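Q: Could you take me through one part of this model in close-up? I'd like to hear about the pocket, and whatever belongs with it.

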Amino acid sequence: LMSMRDTYYELNYYTNAQLLVIRKEMANEKYSSSLLLLLQSISTKITEHHLKMAVRSCLENVARQCDDITEILGINQDVTSSVQELPRAIKSELNISMTPTDSHYLTLQQVGQILRALKLTLQDGVENQRRFSGTLACGKPNLISTDSSNVLRAVLSIYMEDPSSPLPTLEEVLLCDHHTTEEEALLLFKRAIKDPGFKRIYCLVHAEKLSYKVADN
């Protein structure tokens, strides 16, 4: 999982539990309103049509790879049975499900490819460099301390440095409380560290409300 997150930056928008939901719904080609809401982190422009096209393109690519391999090996059954006869090493390379239960889920690699394709197709303008104020150091962690009643206003002011930039997106800000998990906090840091060109601004808000265990880790 960590290797896939390193390869496909877009996977870092989601927790393990959220990825499980995405993998299942995409595999069954059932696109609920909840799934589309989750994918707003990829693009606010995303529609069911965009998602269908991206998923089908990915699955067709896998099918073509299976056809090529089975032709080379001289296996003349249909694609489904042919996949079961492929050597384990080749299955692993193609990232094809190895067990019957896995057939109900897309692989992490397939989901990563779909999310990346959607992001490249539906650029929101957020990809443009956000303007950092003179008090912030780009590419480095910054600590801002303020009165508790002024926290949200302070966060918004960071993103209002450039009036033409959009409001902060779901993946840029994590509002913490005692229910915030270690995974959620780590994913925010991972998104920030892996952000290509440090184009965005990531904020961990109300860090003082994190549980002792999460804060300590």
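A: Here is a walk through the largest pocket, one helix beside it in the list of elements, the cavity and the aromatic pairs.

First, some ground rules. This is a predicted model, so local features need pLDDT of at least 70 and side-chain atom pairs count only at pLDDT 80 or more, while totals for chains, interfaces and linings use all residues. Residues are numbered from 1 along each chain as its sequence is written, and side-chain values use heavy atoms, with hydrogens and water left out.

The largest pocket has a volume of about 930 Å³. On a 1 Å grid over the protein atoms alone, a pocket is an open set of points with protein on both sides within 12 Å along at least five of seven lines, a cavity is a set where a 1.4 Å probe fits but cannot get out, and lining residues have an atom within 4 Å of a point. Volume here is the space filled by probe spheres set on the points, which are joined across faces, edges and corners. The pocket's lining has 31 residues, with Asn142, Leu143, Tyr202, Cys203 and Leu204 nearest the centre. Helix H8 (151–159), H9 and S2 each give two or more residues to that lining; helices (H or I, at least four residues) and strands (E, at least two) are DSSP runs, numbered from the N terminus. By class, the lining splits into 22 nonpolar, five polar and four charged. Ala, Val, Leu, Ile, Met, Phe, Trp, Tyr, Cys and Pro count as nonpolar, Asp, Glu, Lys and Arg as charged, and the others, Gly among them, as polar.

Now for H9. The 13 residues of helix H9 (residues 182–194) should span 18 Å at 1.5 Å a residue, and the end C-alpha atoms are 18 Å apart, which agrees; the expected span is 1.5 Å times one less than the number of residues. Its buried residues (under 20% relative accessible area, 1.4 Å probe, protein chains only; exposed is over 50%, partly exposed in between) are Ala185, Leu187, Leu188, Lys190 and Arg191. These pack against helix H1 (2–7), strand S1 (173–175) and strand S2 (203–205), with contact meaning heavy atoms within 4.5 Å.

As for enclosed space, there's one cavity of 30 Å³ or more, and the largest cavity comes to about 40 Å³. Among the residues lining that cavity are Arg130, Arg131, Glu161 and Asp162. Its lining has three nonpolar, one polar and four charged residues.
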